[in-house]
Amino acid sequence: VRPGTLRWVNSLGRLSVDPAGKRYRIMGVSIDVTDRKVTELHLSESRTLLAALVDSTSDLIWSVDAERFGLLTFNRGLSDYFLTQRGIRIAAGMRPEDLFPPGEFVQTWRTFYLRALQEGSYSTEYRVYAGTRTLLLNLNRLERGGDVFGVSVFGKDITERKAMEARL
C-alpha cells in the first residue's frame with residue numbers, strides 16, 4: 001500500500017481484565033475491506049444513475065414480484081399517474097387489488113403478469129382504468145440465475161398515435 005492511499009478497515013477488539021479488574025491486554029483483528037467498500041460505492045453510483053434515467057421518462061415503468069404481483073419498483077411516471085389520475089399514492093408491495101376496484105381490471109393485470117411468467121416477453125395495448133390513455137405495454141419475465149422472481153413492465157403512451165390512426 002502506497003502512503004496516502006485511502007483504505008477501509010474493519011476492526012474488532014476485546015479488552016482483557018484480570019480478576020482484580022486490572023486491564024492487562026487488548027486483543028483484536030483488523031481486516032482490509034477496501035475492495036468491498038469500493039464495490040459498494042460503484043454499485044450505489046450505478047443504482048443512482050439507473051434511477052435517474054428511469055425517472056427521467058414520462059413512460060410508466062415498474063416491476064412486480066412473481067407470487068403476489070406486488071410492486072417491487074416503479075418510476076416517477078407511474079407514481080404521478082396513480083396520484084393525479086386515481087388519487088392513490090403507490091408504495092412497494094401494492095398489488096392490483098390495492099390499485100383497482102374488484103373486477104375486470106384486477107383480473108386483466110393478473111392475466112398480463114401470468115402470461116409474462118409463463119410465456120416470457122410480449123407486447124400488448126391497454127386502455128388505462130381512467131380511460132384517458134392507451135398504453136403500449138412491454139412485459140418481461142425477470143430472472144436471476146435461472147429463477148423467475150418477477151415481471152417488469154414498460155408502458156409507452158400511444159394515445160396520440162391511436163387518435164391519429166383513427167382519424168386516418
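Start at helix α2 (76-86), where β3, β4 (71-74) and α3 (96-99) are part of what covers the buried residues. Contact here means heavy atoms within 4.5 Å, and helices (H or I, at least four residues) and strands (E, at least two) are DSSP runs, numbered from the N terminus. The residues being covered are Gly77, Leu78, Tyr81 and Phe82, with buried meaning under 20% relative accessible area, exposed over 50%, and partly exposed in between (1.4 Å probe, protein chains only). Look down the axis of α2 and those buried residues fall within an arc of 130°, so they line one face of the helix; the arc is that of the directions from the helix axis to the C-beta atoms. An α-helix has 3.6 residues a turn, so residues three or four places apart point the same way. Just past the end of α2, Gly87 takes a positive phi of about 70°.

A word on the model itself: it is predicted, so local features need pLDDT of at least 70 and side-chain atom pairs count only at pLDDT 80 or more, while totals for chains, interfaces and linings use all residues. Residues are numbered from 1 along each chain as its sequence is written, and side-chain values use heavy atoms, with hydrogens and water left out.

Now for the inside. The largest nonpolar core (buried Ala, Val, Leu, Ile, Met, Phe, Trp, Tyr and Cys residues joined through side-chain atoms within 4.5 Å) has 27 residues, and Trp62, Tyr113, Leu137 and Leu139 have the most contacts inside it. At least two residues each come from β3 (60-65), α2, α4 (104-119), β5 (122-127), β6 (134-144) and β7 (147-157). Helix α4 gives the most, with six residues. What does Tyr113 touch, leaving aside its neighbours within four places in sequence? The list is Trp62, Val64, Phe69, Pro96, Leu139, Val151 and Val153.

Strand β7 is worth a walk of its own. Ser152 sits in this strand and is buried, at 11% relative accessible area. Beyond its neighbours within four places in sequence, Ser152 is in contact with Trp62, Ser63, Asn138, Leu139, Asn140 and Leu142. Lys156 is also in β7, but it counts as partly exposed at 45% relative accessibility. With the same neighbours-within-four exclusion, Lys156 contacts Asp59, Thr134, Leu135 and Leu136. The C-alpha atoms of Lys156 and Thr134 are separated by 8.4 Å, although the two are 22 residues apart along the chain.

On to the charges. Side chains of opposite charge can pair when their charged atoms come close. The whole structure has 14 salt bridges, each a side-chain nitrogen of Lys or Arg within 4 Å of a carboxyl oxygen of Asp or Glu. One of them joins Arg110 and Glu97 at 2.8 Å, N to O, linking helix α4 to helix α3 across 13 residues of chain. Both belong to a network of salt bridges with Arg95 and Asp98. Asp157 pairs with Arg133, their closest N and O atoms 3.8 Å apart. Asp157 lies in β7 and Arg133 in the loop between β5 and β6, so this pair ties together parts 24 residues apart in sequence. Arg141 and Glu143 meet at 3.1 Å, N to O; Arg141 is partly exposed at 28%, as is Glu143 at 45%.
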